[in-house]
Amino acid sequence: MIKRFFSNNINSMTFVFSIVVLLNSTLAYFQVIDLGDVNKFILSVAILVVLLSLIVYILAYLNFSSEKTYHLVSFGCQFTAILLIGSFFGIIPLTMSGILINFFIALGIYSLSVKKNKYELNQVALAINERLSD
């Protein structure tokens, strides 16, 4: 089960981890935010990304009435986890501005991740259809 989880999700986890670390590094460079202990920050982001992927993995086994419902539930669960874990590790302030900023960042990353996954699935479908037509 663990091997399957990581083999199915490592691509998305790497994508999300890279975006979060690059975004925060850029913001820290321009002194918009203070990362504090960088080792703790990177470890907490890695743990967060694995847990978010675990949420997606579990939700994939549930039946939803529509794709829209799935995405609403998925994003809601993931954003709740982001707030809980982020506040536990001290990387997300639980202020109105902190929650709003992280909401829009999480929504943007979630949207990019969904578009990336759909694109990759379409590429696989095209490759399969091309092989079948030969």
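# Legends to close-up views of a four-helix chain

**Figure 1. Overview of the contacts and fold of the predicted model.** Of the contacts in the chain between residues at least 6 apart in sequence, 67% join residues that are at least 24 apart. The model shown is a predicted one. Its secondary structure consists of four helices and zero strands, and the pattern along the sequence reads α-α-α-α. Taken along the principal axes, the C-alpha atoms occupy a box of roughly 55 × 30 × 30 Å.

**Figure 2. Confidence along the chain.** The average pLDDT of the chain is 89, and 100% of the residues score at least 70. Confidence is lowest in helix α1, where the mean is 84, and highest in helix α3, where it reaches 94.

**Figure 3. Surface and interior of the chain.** The chain has 134 residues, of which 28% count as buried. About 9300 Å² of the chain is exposed. Carbon and sulfur atoms supply 68% of this exposed area.

**Figure 4. Helix α4 and its cover.** Helix α4 comprises residues 96-133, a run of 38 residues. From its first C-alpha to its last, α4 reaches 55 Å, close to the 56 Å expected at 1.5 Å a residue. The buried residues in α4 are Gly-98, Asn-102, Ala-106, Ile-109, Tyr-110, Ser-113, Val-114 and Lys-116. An α-helix has 3.6 residues a turn, so residues three or four places apart point the same way. The cover over the buried residues of α4 includes α1 (2-29) and α3 (67-89).

**Figure 5. The largest nonpolar core.** This core has 15 residues, and Leu-52 and Ile-82 are those with the most contacts inside it. Helices α2 (38-59), α3 and α4 each supply at least two residues of the core. The most is given by α3, which contributes seven residues.

**Figure 6. Surroundings of Ile-82.** Which residues are in contact with Ile-82, leaving aside its neighbours within four places in sequence? They are Leu-48, Leu-52, Ser-87, Ile-92 and Ala-106. Among these partners, Leu-52 is, like Ile-82, one of the residues with the most contacts inside the largest nonpolar core. Another partner, Ala-106, is one of the buried residues of α4.

**Figure 7. Another nonpolar core.** Apart from the largest nonpolar core lies another core, of 11 residues. Its members include Met-13, Val-21, Tyr-57 and Ile-109. Of these, Ile-109 is also listed among the buried residues of α4.

Technical notes: Residues are numbered from 1 along each chain as its sequence is written. This is a predicted model: local features need pLDDT of at least 70, side-chain atom pairs count only at pLDDT 80 or more; totals for chains, interfaces and linings use all residues. Side-chain values use heavy atoms; hydrogens and water are left out. The expected span of a helix is 1.5 Å times one less than its number of residues. Buried means under 20% relative accessible area, exposed over 50%, partly exposed in between (1.4 Å probe, protein chains only). Contact means heavy atoms within 4.5 Å. A nonpolar core is a set of buried Ala, Val, Leu, Ile, Met, Phe, Trp, Tyr and Cys residues joined through side-chain atoms within 4.5 Å. pLDDT is the predictor's confidence in each residue, from 0 to 100. Accessible areas come from the Shrake-Rupley method with a 1.4 Å probe; for residues, only the protein chains shown count as cover.
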